[in-house]
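Here's a quick briefing on aromatic contacts and pockets. Have the model open while you read.

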Amino acid sequence: MADILTIVPEKARGIRRLFFGWVRRQYGGIVPGVFQVLAVDLKVARPAGSIYNHLHLRRSSPLSRVQREMLATVVNGKVGGAP
């Protein structure tokens, strides 16, 4: 299986450091794993982040709670998050 490129927030520099600061403010001090993946290419970060918010954070999400958890678990594992 291919590795997915990510940027660790603590090692970010320049514009990515600002990006992670904004993400932390939006998400209560954490950086969701999907944004570590998106930080690799900031041109897609905004539209992909909008899709993430649309699917995961709105009240009438088309995904069930179980589907959101499954997706979060996969992304968290890919970025080397906590077990």
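**Aromatics and pockets at a glance**

One aromatic cluster takes in Phe19, Phe20, Tyr27, Phe35 and Tyr52. Keep in mind that this is a predicted model. Some of the cluster's residues turn up again around the pockets, including Tyr52 at the largest one and Phe19 and Phe35 at the second largest.

**Aromatic pairs**

- The count of aromatic pairs comes to five.
- One of them joins Phe19 and Phe20, a tilted pair at 5.6 Å centre to centre with 55° between the planes.
- Phe19 and Phe20 are both buried.
- Tyr27 and Tyr52 meet edge-to-face, at 6.4 Å centre to centre and 65° between the planes.
- Tyr27 sits in the loop between helix H1 (15-26) and helix H2 (33-38), while Tyr52 belongs to helix H3 (residues 42-56), so this pair ties together parts 25 residues apart in sequence.
- Tyr27 and Tyr52 are buried too.

**Largest pocket**

- This pocket holds about 450 Å³ of space.
- Its lining has 18 residues, and Pro32, Tyr52, His56, Arg68 and Ala72 lie nearest the centre.
- H2, H3 and helix H4 (65-78) each give at least two lining residues, with H4 supplying the largest share, seven residues.
- By type, the lining splits into twelve nonpolar, three polar and three charged residues.

**Second largest pocket**

- Here you get about 270 Å³ of space.
- The lining has 13 residues, with Phe19, Trp22, Phe35, Ala45 and Arg46 nearest the centre.
- H1 and H3 each chip in at least two lining residues, and the largest share, six residues, is from H3.
- Eight of the lining residues are nonpolar, four polar and one charged.

Note on methods:
Residues are numbered from 1 along each chain as its sequence is written. This is a predicted model: local features need pLDDT of at least 70, side-chain atom pairs count only at pLDDT 80 or more; totals for chains, interfaces and linings use all residues. Side-chain values use heavy atoms; hydrogens and water are left out. Rings of Phe, Tyr and Trp (its six-membered ring) pair if their centres lie within 6.5 Å; planes under 30 degrees apart count as stacked, over 60 as edge-to-face and the rest as tilted. Buried means under 20% relative accessible area, exposed over 50%, partly exposed in between (1.4 Å probe, protein chains only). Helices (H or I, at least four residues) and strands (E, at least two) are DSSP runs, numbered from the N terminus. On a 1 Å grid over the protein atoms alone, a cavity is a set of points where a 1.4 Å probe fits but cannot get out, and a pocket is an open set with protein on both sides within 12 Å along at least five of seven lines; lining residues have an atom within 4 Å of a point. Grid points are joined across faces, edges and corners, and a volume is the space filled by probe spheres set on the points. Ala, Val, Leu, Ile, Met, Phe, Trp, Tyr, Cys and Pro count as nonpolar, Asp, Glu, Lys and Arg as charged, and the others, Gly among them, as polar.
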